[in-house]
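Please find below a colleague's note on the structure submitted for review. The points are numbered so that each can be taken up separately.

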Amino acid sequence: MSSRSQHSTAGLPPVLPPASECAEWRALSAHRDRMEQRHLRELFDADSGRAERFSLEHGDWFLDYSKNRIDGETLTLLLDLAHARQLPQRMEALFGGERINRSERRAVSHMALRSTPDRPFSIDGEDVSADVESVLSRMSDFARRVRSGDWKGSTGKRIRHVVNIGIGGSDLGPRMAAKALAPYADAGLDVRFVANVDGADLMGALRDLAPEETLFIVCSKTFTTQETMANAMSARAWLVEGLQDESAVSHHFVAVSTQLEKAASFGIPSAQVFGFWDWVGGRYSLTSAVGLSLMLWVGEDSFREMLSGFHSMDEHFRTAPLAENMPVLLGLLGVWYSSFFGCGSHCIVPYSEDLAQFPAYLQQLDMESNGKRVDDAGREVDYPTGPVVFGQTGTNGQHAFFQLLHQGTQWVPCDFIGFSQSHDPLGSHHDILMAHFMAQTRALAFGRSAEELEAQGVDSRLVPHRTFPGNRPSNTLLAPRLTPSALGQLIALYEHRVFVEGAIWGINSFDQWGVELGKSLAESILPDLDGLLDPGSGHDGSTDQLIQRYRGQRRSLPPEEE
Ligand code: F6P
């Protein structure tokens with residue numbers, strides 16, 4: 001037994017009083033009442049240097065945040081709040097490897113995964129750089145062997161297909177990055193991702209694959225996640241049946257996990273298990289061995305270039321003054337809209353097909369991190385925290401949900417992400433794409449008034465329908481090109497933005513207790529789905545009714561489909 005009691009707070013950073021009790025919070029509430037009356041049109045008219053003043057550059061990324069409902073005073077007050085909430089001290093604790101994930105008593109040190117020798121990371125007083133590099137170089141060796149054809153399947157054929165089996169943080173990061181960096185995939189390998197326990201996912205992925213040419217990566221931090229384990233067992237059965245060889249498993253399966261013994265008991269030789277550590281949260285794990293599928297896809301050099309991109313943004317976040325710090329500014333703006341204007345959602349629109357999975361990735365990063373209703377001390381907060389994050393690529397989203405963004409009764413802060421160069425130049429396609437990128441933020445901010453429409457002679461009955469109120473905020477992020485480094489910078493930007501918001505709100509952005517209840521209820525329901533039809537079995541009335549109906553319909557299927 002540990003000498004510390006479970007509830008001891010020894011060694012943990014201090015818990016602050018609720019955010020809404022500080023004078024800086026109250027000052028912002030009063031300021032919000034004033035800013036609510038001001039329109040972006042008026043703010044731009046009053047200040048010809050506004051765009052330049054509210055823009056910032058780091059690495060590949062240019063951030064124009066001038067189309068936000070802020071003025072100079074807003075920023076001053078938000079920065080005052082950041083100091084009152086001890087943001088600099090919190091950042092120091094983060095980078096110092098302190099156990100800021102209080103409820104799980106863990107450090108949060110994903111930045112150590114992409115650091116450089118001049119920036120060693122210590123966790124509990126121990127430098128972890130050598131461990132990190134050792135896993136990275138094992139990944140690199142393995143990737144080299146598979147990509148070159150040196151690694152053979154059990155029948156002596158080279159591997160042509162890689163299937164990553166994982167869910168949540170063990171899926172969304174590599175899946176998103178593999179799509180984003182597809183132009184850098186250069187080894188003729190095909191990489192697929194299976195996450196859903198719905199058999200359609202695995203069966204769909206395996207349909208056209210030959211077992212002798214397929215490598216599976218079972219990717220699970222805990223190696224207990226039901227969906228991943230079910231998919232891994234079915235993939236194993238598919239392989240053994242296809243090759244008629246139980247021993248083929250060791251040639252066709254590798255694992256990524258913090259639980260090395262559990263991976264070994266699945267039958268994966270320890271030399272083929274790539275480890276990581278409990279100080280890497282699932283949704284922050286792309287730069288750990290969880291990125292193995294990505295490294296197989298794009299190779300070690302591109303993977304390492306992505307790591308340097310991450311590191312560059314980590315260093316910017318760690319060292320830049322708060323007022324010139326991109327993640328800090330984006331985080332403060334997030335707090336401004338969620339907590340002071342009550343905006344319940346935040347929209348992400350990448351104008352890049354390669355970033356199609358980015359909104360889904362950010363959904364987990366942001367909502368699993370900041371979807372919390374109690375603060376670090378377990379007190380219920382009296383202000384809104386993390387928003388619903390959603391999004392879609394531009395221009396597709398324009399033809400789906402932008403109507404609401406422009407004319408709906410609620411306004412939704414948006415991030416627009418774009419690139420000046422395309423990996424797939426095709427006539428004027430990229431210019432058309434980027435014209436929309438710029439037009440949308442302009443339409444959101446400035447709208448179209450009734451007076452303008454009337455001056456154009458628009459039928460007065462249509463004027464209300466065709467009026468755009470504007471004053472709807474957005475950030476614009478522009479980079480030259482979606483390179484591995486630019487991608488790393490972008491992801492780290494959002495990781496740290498989430499941290500900043502959580503620090504201001506005083507919540508723990510690094511646990512995820514909210515996923516537990518559903519998991520355990522599913523465990524208690526599962527045996528009843530397969531049982532004999534009998535009256536209610538102790539769940540609630542609705543669940544019992546659904547179970548009965550499901551069983552009845554399941555049993556009425558023709559036997560071959562059961
Ligand atoms: O959805 C909950 C969660 O624990 C995520 O935080 C995590 O990324 C995912 O499940 C997968 O977990 P694991 O990598 O342990 O299989």
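The points below take up the ligand site, the two sheets, an aromatic pair and two backbone features.

1. Status of the model. The coordinates are those of a predicted model. Every remark that follows should be read with this origin in mind.

2. Ligand surroundings. The ligand is surrounded by 14 residues, and the closest of them are Ser170, Ser220, Thr222, Thr225 and Glu368. Sorted by class, this shell consists of nine polar, three charged and two nonpolar residues.

3. Polar contacts of the ligand. A polar side-chain atom of Thr225 is found 2.5 Å from a ligand oxygen atom. The side chain of Ser220 places an N or O atom 2.6 Å from an oxygen atom of the ligand. Lys221 takes part through its backbone, where a polar atom lies 2.7 Å from a ligand oxygen atom. Of the 390 Å² of accessible area that the ligand has on its own, 86% is covered by the protein.

4. The sheet of five strands. This open sheet follows the order S6-S5-S7-S8-S9, and its pairing is parallel. Which strands stand at the edges? They are strand S6 (190-194) and strand S9 (273-275); each has a single partner strand, so one side of each remains without a neighbour in the sheet. From one strand to the next, the twist averages 20°.

5. Pairing at the S9 edge. Strand S8, covering residues 253-257, runs parallel to S9 and is joined to it by three bridges. Within this part of the sheet, Val256 stands opposite Phe274 of S9.

6. The sheet of six strands. A further open sheet has the order S1-S2-S13-S12-S10-S11, here with mixed pairing. Its edges are formed by strand S1 (55-58) and strand S11 (388-391); since each has a single partner strand, one side of each is left without a neighbour in the sheet. Neighbouring strands of this sheet are turned against each other by 15° on average, direction ignored.

7. Pairing at the S1 edge. S1 and strand S2 (residues 61-64) run antiparallel and are joined by four bridges. Ser55 stands opposite Asp64 in S2.

8. Aromatic pairs. The structure holds 30 aromatic pairs. One of them, formed by Tyr284 and Phe510, is tilted, with 5.3 Å from centre to centre and 50° between the planes. Why does this pair tie together parts that are far apart in sequence, 226 residues in number? Tyr284 lies in the loop between S9 and helix H12 (292-319), whereas Phe510 lies in the loop between helix H19 (484-505) and helix H20 (516-529), so the pair links parts separated by 226 residues in sequence.

9. A cis peptide bond. Gly394 and Thr395 are joined by a cis peptide bond, with omega of about 10°. Thr395 is placed in the loop between S11 and helix H15 (402-407).

10. A positive phi angle. Gln86 is not a glycine, yet its phi is positive, at about 55°. This residue, Gln86, occupies the loop between helix H4 (72-84) and helix H5 (87-95).

Definitions and conventions. Residues are numbered from 1 along each chain as its sequence is written. This is a predicted model: local features need pLDDT of at least 70, side-chain atom pairs count only at pLDDT 80 or more; totals for chains, interfaces and linings use all residues. Side-chain values use heavy atoms; hydrogens and water are left out. A residue is near a molecule or strand if one of its heavy atoms lies within 4 Å of it. A polar contact is a pair of N or O atoms within 3.5 Å; within protein, one must be able to donate a hydrogen and the other to accept it, and residues adjacent in sequence count only if both atoms are side-chain atoms. Accessible areas come from the Shrake-Rupley method with a 1.4 Å probe; for residues, only the protein chains shown count as cover. Ala, Val, Leu, Ile, Met, Phe, Trp, Tyr, Cys and Pro count as nonpolar, Asp, Glu, Lys and Arg as charged, and the others, Gly among them, as polar. Two strands pair if DSSP finds at least two bridges between them. Helices (H or I, at least four residues) and strands (E, at least two) are DSSP runs, numbered from the N terminus. Axes are lines fitted to C-alpha atoms, for helices over the stretch in contact, and angles run from 0 to 180 degrees between N-to-C directions. Rings of Phe, Tyr and Trp (its six-membered ring) pair if their centres lie within 6.5 Å; planes under 30 degrees apart count as stacked, over 60 as edge-to-face and the rest as tilted.
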